[in-house]
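Me: I have a sequence and a 3D structure on my screen. Can you teach me how to read them, one feature at a time?

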Amino acid sequence: MLILRFAVFTPLKRSFDYLAPNLSTQENLSLKIGTRFLLPFGHQKCIGVLLSIATSTQINIKKLKTPLACLDELPILNANLLKLANWMSSYYHAPIGYVLWLMLPPPLRIFSASSTKNSIPQTRSYKISALGREMLPQIAANAKNRLAFAQLFKKDQNPESFVDKEFEKETFEKELFNKELFEHELSALSFKVRPQLKYFLEQNWITTQTQNPTVLPKYYYALKPNPLLTNAQQDVVNAVINQADEFKVSLLEGVTGSGKTEVYLELAKHFLNKGQQVLILVPEIGLTPQFLARIQNQLQINVLGIHSQLSNLARFEAWLKATLNQIHLVIGTRTALFTPMPNLGMIIIDEEHDASYRSRDGVRYSARDAAIVYAKHLNIPILLGSATPALDSLQNSLNGRYQALFLKQRVLGTMPKWQIIDCILHPQVNGLTEVLIEAIKARLDKNEQVILFLNRRGFAPVLFCQNCKWMADCPACDAHLTLHYNRLSCHHCAYSAPKPEFCPNCQKDSLIALGYGTQRIENALQDIFPDEKIVRIDRDTISKKQDLENALDLINSLQTRIILGTQMIAKGHDFAEVTLVAVIDTDNLLFSHDFRGEEQLAQLLTQVSGRGGRAQKPAQVLIQTYHPEHAIFQDLPKIGYHEYALSLLEKRALFKLPPFSYQAQIFADSKVLERANKFLQNGLDEFEQQYDKLAALLKISPPLSCYMSRRKGYFRAYILVQSHDRNILNISLANLDQILGSLKKQDLRFHIEVDPPESA
Ligand SMILES: [Zn+2]
Ligand SMILES: [Zn+2]
């Protein structure tokens, strides 16, 4: 008797046992871990992924059901990805079914009559038949036939030169016989050859057979080194490739404009030349067609881009190509990590500090951290790159767990000079000081570009009544509504309403917009520079990848000289002609309730300022603030990000905050705040009773209200759990998870956030 253990897409944090169908021994052997089955589940049918095969179960055998059908010939998830899924499930306390579904391309997640087509397809291949060989002299007498044969079976892409030569039976036999043409290769051939193929098949000169999909053998490239690499870049490349081919994390800290991408590509070449696959993860906003084209152009090989806006079918096809080793370099955002790559030799993570590697709903995981664990499982090297490494990565490179690598100089141009503008001495009109306006004028006079950064979209963050002090608040959240021209919108839920003309409270005509968003700054700039075309880049103007591409085209072709945007412009893009970067306002980030606030602000300011002076022309950074005395404005421009980050690490060490301890938040949401608090308190009491020794090793907060307690109509309470030891934290969370899961939950849901990216 065999028990089949499945993962099913449910919030239940366990696997499900089924009885193996009565198969012959040989068929039993063909049960493959990682294949999908159609399962009876309650009164419904669902898809399950086979996790393991056991010989015993804790469930009464008579109650076990039998799977209805196996949907895949071959595993759709290989052993390494299943291992990663198990790690993610236990480390992030997420249901294994949710993790596996995250890994699968959407067409594989559902069952419909047609969805069986979406398993790894069988491959058809073509060969010259015995009859074809026999008839060769007659067939090859015709030049057209000769060319078609060469096109189909000679794979060096230069069939004409082969055919032009005098027909030699021996060469022909040697070059073409025993060669196989696969269905997927057909698409790369000219359309004209297809009728020929059909004709040859009809004549029985060519035979065809279908077979299980083949993972193509390793493909070795002969990519040449880039002669333009600087010595510093070459040193970094050597430091990585001179290591043994085993698990090793390297942290490359390279200032903006130091050419990290060139280093990534050189490393990629090294592993591609060895017949291995390479995965490069980039932040969501960085994966533009321009970027892909640039890489494709430099390497002259097929590059696969995987991002969230790919259609389901395209994502499935991409997934399939990588699985079958038809594509060797994959560049993608967060979920590209889960692309099955049988010959993966190296992982590179660009802008490793970027928040987009963290998933904020569903399975709450860090793709960066999961990638490191994955590389460890595969025993391959992994490189993290950033101009502003996250403090935890930096700490790991300081204590020697990561190899520390640096690029301290720009390839072209110099680092920009910073100037802090005191807004008390220089009053703002519509968010802009006179100093800033003059600086913009000076740059425009020289036909150079300027970037203005403001991390707040909309027209104004607050609509305020001067008479009765009423403010427009969201009815469902503890938040002010943001004014967008004539509408009020909540940035935390979907609530939106027209802007009232009179104060809804006192009915007076005394409403004013307080503060500035990007729309308001755009209007102000347009008034001052009426002839300039201003490009605004924020989530209101950029909703599709195409919008961003259009904006980047306008900028790169110099059709616009004033670029205004939120942190969407702070990341990765190179603008050669930008010589002035202005930060309009970041004061709201100075006194954050989050201990990570200063780290994030230092990263943001360094990244934004790094957009300037990328080419030969020196650039200037202007920062407007009401707090010029703040340490970040005093020190960061002088000592740079690295030194500043070290000073932040000292503070973290002093207060035993991460990365010097490990944290998790447990959230409870309810329509009634008291209910959420009580739920968490009950769970805590139970935990401290059952696991008193474990609890004594932890720091656990009582249930607390979140900074923004109510959102989308739900109140949110949380507890903070902290430990000096990752394992103790993990075991405690598993126990807490189990206890909370067993408590009665009326109008209540809870979730766990491990290594939280922000304070609650
Ligand atoms: Zn009023
Ligand atoms: Zn809201």
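What follows is a dialogue about the features of this structure.

Me: What should I know before I start?

Reply: This is a predicted model, where local features need pLDDT of at least 70, side-chain atom pairs count only at pLDDT 80 or more, and totals for chains, interfaces and linings use all residues. Residues are numbered from 1 along each chain as its sequence is written, chains are lettered from A and ligands numbered from 1 in the order in which they are written, and side-chain values use heavy atoms, with hydrogens and water left out.

Me: Which domains does the assignment give for the chain?

Reply: Domain bounds come from an automatic or database domain assignment. Here the list runs: domain 1 (3-118), domain 2 (123-211), domain 3 (231-407), domain 4 (417-460 + 515-654) and domain 5 (662-754). Taken over C-alpha atoms, the centres of domain 3 and domain 5 are 35 Å apart.

Me: How do I read a metal site? Which residues are the protein donors of the zinc ion (ligand 2)?

Reply: Look for donors: N, O and S atoms within 2.8 Å of the metal (3.2 Å for Na, K and Ca). Water is not among the atoms, so sites may look incomplete. For the zinc ion (ligand 2), the donors are the SG atoms of Cys474, Cys477, Cys490 and Cys493, at 2.2 to 2.4 Å. Their spacing in sequence is C-x2-C-x12-C-x2-C.

Me: Why is the arrangement around the zinc ion (ligand 2) called tetrahedral?

Reply: Check the angles. Four donors count as tetrahedral if all angles lie between 85 and 135 degrees; four count as square planar and six as octahedral if opposite donors are over 155 degrees apart and all others between 65 and 115; anything else is irregular. The ideal tetrahedral angle for four donors is 109.5 degrees. The 4 donor atoms of the zinc ion (ligand 2) subtend 104 to 113°, so the arrangement is tetrahedral.

Me: Which residues coordinate the zinc ion (ligand 1)?

Reply: Cys465, Cys468, Cys503 and Cys506 do, each through SG, at 2.2 to 2.3 Å. The angles among these 4 donor atoms are 107 to 114°, and the site is tetrahedral. The sequence spacing is C-x2-C-x34-C-x2-C.

Me: Is Cys503 buried or exposed?

Reply: Use relative accessible area: buried means under 20%, exposed over 50%, and partly exposed in between (1.4 Å probe, protein chains only). Cys503 has 1%, so Cys503 is buried. Cys490 and Cys493 are both buried too. Ser510, at 13%, is also buried. Now compare Arg194: at 34% relative accessibility, Arg194 is partly exposed.

Me: Where is Ser510, and which residues does Ser510 touch?

Reply: Helices (H or I, at least four residues) and strands (E, at least two) are DSSP runs, numbered from the N terminus. Ser510 sits in the loop between strand S23 (496-498) and strand S24 (511-514). Contact means heavy atoms within 4.5 Å. Leaving out residues up to four places away in sequence, Ser510 touches Phe464, Cys465, Gln466 and Asn467. Cys465 is also one of the donors of the zinc ion (ligand 1).

Me: How do I read a sheet? What is the order of the 5 strands in the open sheet?

Reply: Two strands pair if DSSP finds at least two bridges between them. The order is S2-S1-S4-S3-S5, with antiparallel pairing. Strand S2 (16-19) and strand S5 (69-70) are the edges, each pairing on one side only. S1 pairs with S2 over 4 bridges, and Ile3 stands opposite Leu19 in S2. S1 also pairs with strand S4 (residues 44-54), over 6 bridges. In strand S1 (residues 3-8), 5 of the 6 residues are buried, so S1 is largely enclosed by the rest of the structure.

Me: Which way do the residues of strand S25 point?

Reply: In a regular strand, side chains alternate between the two faces of the sheet. In strand S25 (residues 534-537), Ile534 and Arg536 point one way, Val535 and Ile537 the other, and all are buried. S25 pairs with strand S26 (residues 562-565) in the parallel sense, over 4 bridges.

Me: How many residues does the largest nonpolar core have?

Reply: A nonpolar core is a set of buried Ala, Val, Leu, Ile, Met, Phe, Trp, Tyr and Cys residues joined through side-chain atoms within 4.5 Å. The largest has 119 residues. Helix H22 (residues 631-654) gives the most to this core, with 8 residues. Leu100 and Ile537 are among the residues with the most contacts inside it.
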